[in-house]
Amino acid sequence: MAEAFIALGGNVGDVRATFDQAIAILCGGPDVRLLARSSDYRTPPWGVTDQPPFTNAVIAVSTTLAPHQLLARAQACERALGRDRAREQHWGPRPIDLDILAYDDLVLNDATLTLPHPRLFERAFVLVPLAEIAPDRVIAGIRVGDALKRVDAAGIERLPGR
C-alpha cells in the first residue's frame, strides 16, 4: 500500500458536504482507505482573487492504486460532484477540486501528473491542513511543518467542526 496526500478545495455550493461526498467516493472501496482528515479551513482565493473564499482540507489515504489510477479516480469524483474542467475559469470558482499532493516518496513529471504537486510549497491553503495531519512528513526533502513556516498563512481560518 502506498500513502498519498490529497488536497480538497471548493467555493461553490455546500463545500463541506461535497468534501464528505468526495471522501466517500474516493475511499469507497478496498483500493483506497482513509487514514486521516484535516479540519476544514476557510481560505482567501488564490490566483483569481475576485471570487468567494474557498474551503480547503487535506486527507491522507493508503492505496493500492498506481498514481495515474488514483488521479483518474479523483477526476471521476470531481465530475460526479459537478466539476466541469472544460467550462471553468482556470483557478476560478468550482464545487470541488482534488489534487494529489504526494504519493509515497515518488517523483514523477509527465503530461498528466507531477509529483509532488509542483506548487505544494507555495500554497498556505494546502500546507496549513497538511501540517495539521502530517507536520513531520518529509516531501521532496522538506519537512511539512518547516514549509508552512515559510509561507504567509494570513486569512486562513479553521472552521468549527460540524
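Contact here means heavy atoms within 4.5 Å. I note at the start that this is a predicted model.

**Entry 1: leucine 35**

I looked up leucine 35 and found it in strand β2, which covers residues 32-37. I left aside its neighbours within four places in sequence and listed what leucine 35 touches: Glu3, Ala60, Val61 and Ser62. Is leucine 35 buried or exposed? Neither word fits, because its relative accessible area is 42%, and partly exposed lies between the limits of 20% and 50%. I also looked up its separation from glutamate 122. The two are 87 residues apart in sequence, and their C-alpha atoms are 25 Å apart in space.

**Entry 2: the largest pocket**

I then turned to the pockets. The largest pocket holds about 660 Å³ of space. Its lining has 29 residues, and Arg85, Asp97, Asp99, His117 and Arg119 are the closest to its centre. I sorted the lining by class and got 13 nonpolar, eight polar and eight charged residues. Which elements each supply at least two residues of this lining? They are β1 (2-10), β4 (54-63), α2 (67-80) and β5 (97-103). The largest share comes from β5, with four residues.

**Entry 3: the second largest pocket**

The second largest pocket has a volume of about 160 Å³. I wrote down some of its lining residues, among them Thr43, Pro44, Pro45, Trp46, Glu122 and Arg123. The lining also includes Ala124 and Phe125, and I met both again among the buried residues of helix α3. By class, the lining of this pocket has eight nonpolar, one polar and three charged residues.

**Entry 4: helix α3**

Helix α3 runs over residues 124-133, and I looked up how much of it is covered. Of its 10 residues, eight are buried. These are Ala124, Phe125, Val126, Leu127, Val128, Pro129, Leu130 and Ala131. What covers them includes the strands β1, β3 (41-43), β4, β5 and β8 (138-139), together with helix α4 (144-149).

**Entry 5: the cysteines**

How many disulfides does the structure hold? I found zero. I checked cysteine 27, whose sulfur has its closest cysteine sulfur in cysteine 77, 9.2 Å away. That is too far for a bond, because a disulfide needs the two sulfur atoms within 2.5 Å. Cysteine 77 is accordingly in no disulfide. I looked up burial for both residues. Cysteine 27 counts as buried because its relative accessible area is 19%, and the limit is under 20%. Cysteine 77 is buried too, with a relative accessible area of 1%.

Technical notes
Residues are numbered from 1 along each chain as its sequence is written. This is a predicted model: local features need pLDDT of at least 70, side-chain atom pairs count only at pLDDT 80 or more; totals for chains, interfaces and linings use all residues. Side-chain values use heavy atoms; hydrogens and water are left out. On a 1 Å grid over the protein atoms alone, a cavity is a set of points where a 1.4 Å probe fits but cannot get out, and a pocket is an open set with protein on both sides within 12 Å along at least five of seven lines; lining residues have an atom within 4 Å of a point. Grid points are joined across faces, edges and corners, and a volume is the space filled by probe spheres set on the points. Ala, Val, Leu, Ile, Met, Phe, Trp, Tyr, Cys and Pro count as nonpolar, Asp, Glu, Lys and Arg as charged, and the others, Gly among them, as polar. Buried means under 20% relative accessible area, exposed over 50%, partly exposed in between (1.4 Å probe, protein chains only).
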